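Please study the sequence and the model shown below before attempting the exercises. Each exercise consists of a task and a solution in steps.

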Amino acid sequence: MRELVTIQVGTFANYVGSHFWNFQDELLGLTEVPDGDPIYKNSSLDMDVLYRAGETQQGIPTYCPRLISISFQGSLGSLSLSGSLFDDISSSDPTDILTWQGLLTNETGNVSRCMAEPHKKNLFLQSLSAEEHEILDVSEDDSGEVMCSSQRQVQDKDRIECLETDVKFWTDFSKVQYHPRSLYELHSSWMDIQKFEDYGIGKDVLSGGLQLEEMNERLRFFIEECDHIQGIQFVVDDSGGFSSVASEVLENIEDEYTNTPVLLYAVRDPGAYTYATNQKSSIGRSLHDAVSFSRLSSFCNLMIPVGLPSLRCTQVCGWSYVSLFFLILNQGGLSPLLHVDDKKPFHSSAVYAASIHSISIPFRMEMPGPAANSTCTSGAMDVGEIVHTLAGQSRQNMVTVLDVAMPPPSLTDEHNQGSILRNLHPLTPEIRKDDDDLLAVESLVVHGALYSGDHRATVSQVEDSVRVAYQTAPAKPMFSRLSVTLCPLPIPLPFPSIFGRNVGRHGELVFNSVQGAQSRGSLEIVSIPMAARLRSSTAIVPFVEKRLGDLRKHGIARGGASAELLHTWGFGRDEVEDMGEHLSKLLMAFDPHSQTTSDSD
């Protein structure tokens, strides 16, 4: 067994995680459909890598994500802290009581009891609960009339509309059952979320030390039950105080699990890119980003910054392929095939989750051997191998760029040779465009690719197409690794309606189409092909340079404007200089002869 433990820290990280686990739940469900698509039944993907088997206190078998989710107190919406399988189990953390006593004791020493009104389940969660209790299996409505398929279709439309208009918590669209040790809320963190925006606040919440030990104990539970853990998949919302929470957790992992590689996704909601209203807030924002990046990158083996200021793109319909192709090449946002509303974390997190799902596929492929089904998958590897591929080569760069094609066109279109590479769009912000780095190293994952129309390509056809694309590319990486599987990305019901009308039922591209709604979702599209790439190259240099420059200008330089702010975050001058030294070393990986280590700059 090559288990993965997943950790999600922060609000937006849990939005991403909620979609990620919905994809896994959909894959599990599709394997059990009697007359379902055989591509899911024979995917050669081992879901035990991400899931753990167990049972409830009543002896009922369970299959839950091997996950720790850390969030605000009160951020779970209608979901119980013990998860959906153990609703009858109350919290066993004594700190729950101590925390409330410490904060709510009045002047006479008595304890005041405060109870918040429980959040109600939305229509999607209500229907999900009804299905679990087999209520929706009844084929007659209240009047005794048999429900036809169109009536059930209307119900699905209502559920989707509910999610498009009324998602308040990441649990509002989650259809996964969680282990009672998976969900953790930070005590004393029910303050205004808008104030939880800088690095120091997260450190203050953990200042007592007890909560960090509670989180470490949960991690220990999941790791110790693994037979042979291959790594930790860590997703953190790095735009606010959760960055410092994640740093503390990561530092503990480095101390206790030295030989366990950590793959870190630092995700950011478009809404986090707000314009500063004054110089003080601008400096504070810049310092937060520099400190957050330095600390997070210090405690992981491979870091992938994810999160564009905007995922919006020109909406198109009725375009010819050639016109659409040149629009894709020349526009600055994500693919025009997607209609993402930046104001909805429900939307943007779905794109990022799909990309992380794609990157994680090689970690659960059958490893090469006599029993492996090579007709379904190719290019299996574990977390340690991808870390070595991208960060262990001659350059030793551990900060990578994430690119995605969602969905890529089919392989055989006459205008479309090598389209998978040409249609990859970066999800990492502040990178160098048109990067021609001859020492670049890449790891590309393609799954569910289409050969022509909606006909699926074989593994060998994908390999041949990608090989030709690299051979004819104007700039070739020094080394590239390809992983392929036939299994596409399934689109579960609680997936946002973000596909344009040019995307067909199986993710095929349909041009000159003017039929249907402007945006399409799970009612019209059942699956899509995906391609995702991690790229270690000089493209990331501007991202690192900006953070080093901001740290030097505002934090290290004598008389820096925010030395006092860093002090309130708990950092002395020596620690700040160490962070600057770390960022300098990251840049030196690209140019060993550069003079980036002197703080006199």
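## Exercise 1: Salt bridges

A search of the whole structure finds 25 salt bridges, a salt bridge being a side-chain nitrogen of Lys or Arg within 4 Å of a carboxyl oxygen of Asp or Glu. The model is a predicted one, in which local features need pLDDT of at least 70 and side-chain atom pairs count only at pLDDT 80 or more, while totals for chains, interfaces and linings use all residues. Residues are numbered from 1 along each chain as its sequence is written, and side-chain values use heavy atoms, with hydrogens and water left out.

Task: State which parts of the chain are linked by the salt bridge of Lys175 with Glu26.

Solution.

Step 1. The closest N and O atoms of Lys175 and Glu26 are 3.0 Å apart.

Step 2. Lys175 lies in the loop between helix H5 (149-165) and strand S5 (183-185), whereas Glu26 belongs to helix H1 (residues 11-30). Helices (H or I, at least four residues) and strands (E, at least two) are DSSP runs, numbered from the N terminus.

Step 3. The pair therefore links distant parts of the chain, 149 residues apart.

Step 4. Lys175 counts as buried because its relative accessibility is 16%. Buried means under 20% relative accessible area, exposed over 50%, and partly exposed in between (1.4 Å probe, protein chains only).

## Exercise 2: A network

Task: Determine which helices are tied together by the salt bridge between Glu256 and Arg220.

Solution.

Step 1. In this pair, the closest N and O atoms are 3.2 Å apart.

Step 2. Glu256 is in helix H8 (residues 242-256) and Arg220 in helix H7 (residues 210-224), so the bridge ties together parts that are 36 residues apart in sequence.

Step 3. Glu256 is partly exposed, with a relative accessible area of 38%, whereas Arg220, at 16% relative accessibility, counts as buried.

Step 4. Both residues also belong to a network of salt bridges that links Glu213, Glu217, Arg220 and Glu256.

## Exercise 3: Strands and their partners

Task: Give the order of the strands in the open sheet that contains S9 and S11, and name its edge strands.

Solution.

Step 1. The sheet has 6 strands in the order S9-S15-S12-S20-S10-S11, with mixed pairing. Two strands pair if DSSP finds at least two bridges between them.

Step 2. Strand S9 (377-378) and strand S11 (425-426) are the edge strands, as each pairs on one side only.

Step 3. Within the sheet, strand S12 (residues 441-447) and strand S15 (residues 479-485) run parallel and are joined by 7 bridges. Val445 stands opposite Ser483 in S15.

Step 4. Strand S15 also holds Arg481, which forms a salt bridge with Glu385 in helix H12 (residues 383-391), 96 residues apart. The closest N and O atoms of that pair are 3.7 Å apart. Glu385 is partly exposed at 27% relative accessibility, and Arg481 is partly exposed at 25%.

## Exercise 4: An enclosed strand

Task: Is strand S8 (residues 302-306) largely enclosed or left open by the rest of the structure?

Solution.

Step 1. In a regular strand the side chains alternate between the two faces of the sheet.

Step 2. On one side of S8, Leu302, Ile304 and Val306 are buried, and on the other, Met303 and Pro305 are buried.

Step 3. As 5 of the 5 residues of S8 are buried, the strand is largely enclosed by the rest of the structure.

Step 4. Strand S7 (residues 262-267) pairs with S8 in the parallel sense over 5 bridges, and Leu263 stands opposite Leu302.

## Exercise 5: Backbone features in loops

Task: Locate the cis peptide bond that joins Met406 and Pro407, and the residues Ser44 and Gln396, which have positive phi.

Solution.

Step 1. The peptide bond between Met406 and Pro407 is cis, with omega about -5 degrees. Pro407 is in the loop between strand S10 (401-405) and helix H13 (419-422).

Step 2. Ser44, a residue other than glycine, has a phi near 60 degrees. Its place is in the loop between helix H2 (38-41) and strand S2 (51-55), and at 13% relative accessibility Ser44 counts as buried.

Step 3. Gln396 is not a glycine either, yet has a positive phi of about 60 degrees. Gln396 is found in the loop between H12 and S10.
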